[in-house]
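Dear colleague,

I am passing on the structure we spoke about, and below it you will find notes on what turned up when I went through it. Please read them with the coordinates open beside you.

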Amino acid sequence: MISRCCYLLLVVITVADFCDGGVTSRFVRKLQESRDMPLDSDVFRAPPGYNAPQQVHITQGDHEGKGMIVSWVTVDEPGSSTVTYWTRNGQKRSAHGRITSYKYYTYQSGYIHHCTLKNLQHDMKYFYEVGTGGNTTRRFWFKTPPEVGPDVPFTFGLIGDLGQTYDSNDTLTHYEKNSMGGQTLLVVGDLSYADRYPNHDNVRWDTWGRFVERSNAYQPWIWVTGNHEIDFAPEIGETKPFKPFTHRYHVPHRASNSTSPHWYSVKIASAYIIVLSSYSAYGEYTPQTLWLQDELPKVNRSQTPWLIVLMHSPWYNSYADHVMEGESMRVMYEWLLVRYKVDLVFAGHVHAYERSERISNIAYRVVYGGCRPVLDENAPVYITVGDGGNVEGLSKNMIEPQPEYSAYREASFGHATLSIRNRTHAFYNWHRNQDGYNIVADSVWFHNRIWTPYSEILPSLK
């Protein structure tokens with residue numbers, strides 16, 4: 001009887017929260033400027049040795065999780081693009097990659113290597129070496145994801161708008177020490193913030209690559225492009241958008257029949273991840289739109305029950321910064337996400353944290369003025385994690401009163417984890433940097449939209 005009363009009380013609280021807006025955290029972060037770490041910081045230090053590979057990073061290299069793209073930079077000379085890899089008791093194998101480089105204004109990049117390891121075993125730890133062939137060799141390891149299946153557990157990390165400040169370092173450290181143990185990091189755009197320096201100083205792309213190597217060389221990061229990756233600067237003769245990013249970071253977009261590295265999909269364990277580009281054309285008849293319309297019907301929810309979409313600019317945002325910037329994309333695509341019952345949408349751009357209710361606004365009647373989000377059990381939950389710690393600082397100004405669709409919001413730096421347990425349930429946590437490594441500031445159990453399309457009790461009580 002007591003538990004039943006508690007459940008009813010939770011329902012009443014949830015309904016009340018939606019009617020009056022959700023929770024605005026009372027936590028007050030110490031107001032201080034976010035400052036980039038200086039160039040001589042230890043986290044930016046180049047590895048010792050002649051032509052030592054640096055900025056080593058990996059991402060999934062195919063659609064199913066049996067490939068890995070290994071990338072790195074050499075400075076003194078091209079060196080070898082070969083990756084030697086092996087399992088603990090297995091024979092060493094080799095794969096050969098390619099070298100690229102680019103010039104941006106007066107900056108000349110190093111030699112950027114990309115090598116795809118193919119036909120790997122699922123759920124297997126691999127050791128790998130880069131820099132073979134007479135120069136300095138460096139060794140790392142990674143673990144491949146388990147074979148795709150409906151009840152395969154897996155934990156994702158989530159970080160957006162990271163940058164390279166002291167706060168950024170705190171965010172990455174908290175993620176690394178989180179006991180939930182993220183296996184793959186979903187990075188929702190705005191990486192180095194090099195474009196904030198005079199002439200888009202691409203040295204800050206190098207420092208960022210060395211900074212994140214401590215994590216990204218050991219587990220795959222799934223890339224989303226944000227506005228700070230555009231690097232469009234015609235005033236200095238740089239007119240090719242995304243030039244540094246596309247040279248430095250390769251993704252397996254062709255495996256999902258995408259014509260661009262800015263939108264693509266991958267399967268990981270029991271999740272189907274769709275990456276969209278907020279800064280590529282998304283009107284009717286555009287390549288991204290045609291691809292998404294073709295991609296969503298392909299998702300087999302019996303194989304990958306969890307359908308997750310990543311983008312940079314949020315569609316629902318109750319902060320004053322970047323308000324309504326994602327509106328035109330929402331109008332174009334939201335009906336598709338509702339139709340195919342996407343479970344979760346993660347975005348960045350707004351430098352704060354926010355989680356929505358399950359809502360949609362697809363009954364968009366411009367003529368009659370009917371434009372208001374409503375509860376919709378077929379809709380995703382929208383989560384903004386643009387709180388990585390970048391030099392632009394926090395978004396502190398919130399729209400008041402808190403909108404009905406907003407379940408929880410807080411202006412703090414941090415990161416999140418999503419732990420998928422099976423086809424029906426996933427446990428989500430958000431952690432602020434000011435807390436201990438394992439302290440949770442916001443959490444909720446999510447029910448899969450296909451297998452358990454029940455209402456969530458938001459936010460969950462622990």
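How far apart are the mean positions of the positive and negative charges of the protein chain? For the 43 positive and 47 negative charges, the two mean positions are 6 Å apart. Please keep in mind throughout that this is a predicted model.

On the overall form, the protein chain has six helices and 25 strands, and its C-alpha trace spans about 70 × 50 × 50 Å along the principal axes. The radius of gyration is 22 Å, which agrees with a compact globule, because a globule of 462 residues would have a value near 23 Å. Buried residues make up 60% of the 462 residues, and of the contacts with a separation of 6 or more, 71% join residues that are 24 or more positions apart. The accessible surface comes to about 18,700 Å², with 53% of that area belonging to carbon and sulfur atoms.

The UniProt record, in an unreviewed entry, places the feature "domain: Purple acid phosphatase N-terminal" at residues 53-144. In the model this span is 54% strand and 0% helix, and its end C-alpha atoms lie 22 Å apart.

Helix α2, residues 166-176, is mostly covered, in that eight of its 11 residues are buried; among them are D167, N169, L172 and H174. The cover over the buried residues of α2 includes the strands β12 (154-159), β13 (184-187), β14 (221-223), β23 (414-420) and β24 (425-432), together with helix α3 (203-216).

Some backbone details may also deserve your attention. Most residues other than glycine have a negative phi, and most peptide bonds are trans. Against that background, the peptide bond from E400 to P401 is cis, with omega near -5°, and P401 lies in the loop between β21 (381-385) and β22 (406-410). N119, which is not a glycine, has a positive phi near 55°, and this residue lies in the loop between β9 (111-117) and β10 (125-130). D161, likewise not a glycine, has a positive phi of about 55° and is found in the loop between β12 and α2.

Which of the words buried and exposed applies to N119, and which to D161? N119 is exposed, because its relative accessible area of 62% is over the 50% cut-off, whereas D161 counts as buried, because its relative accessibility of 0% is under the 20% cut-off.

With kind regards

Conventions:
Residues are numbered from 1 along each chain as its sequence is written. This is a predicted model: local features need pLDDT of at least 70, side-chain atom pairs count only at pLDDT 80 or more; totals for chains, interfaces and linings use all residues. Side-chain values use heavy atoms; hydrogens and water are left out. Helices (H or I, at least four residues) and strands (E, at least two) are DSSP runs, numbered from the N terminus. The radius of gyration is taken over C-alpha atoms; the globule rule is 2.2 Å times the number of residues to the power 0.38. Buried means under 20% relative accessible area, exposed over 50%, partly exposed in between (1.4 Å probe, protein chains only). Contact means heavy atoms within 4.5 Å. Accessible areas come from the Shrake-Rupley method with a 1.4 Å probe; for residues, only the protein chains shown count as cover. Lys and Arg count as positive and Asp and Glu as negative; His and the chain ends are not counted. The place of a charge is taken as NZ of Lys, CZ of Arg, CG of Asp or CD of Glu. UniProt positions are given in the numbering used here, feature names are shortened, and annotations may be inferred rather than shown by experiment.
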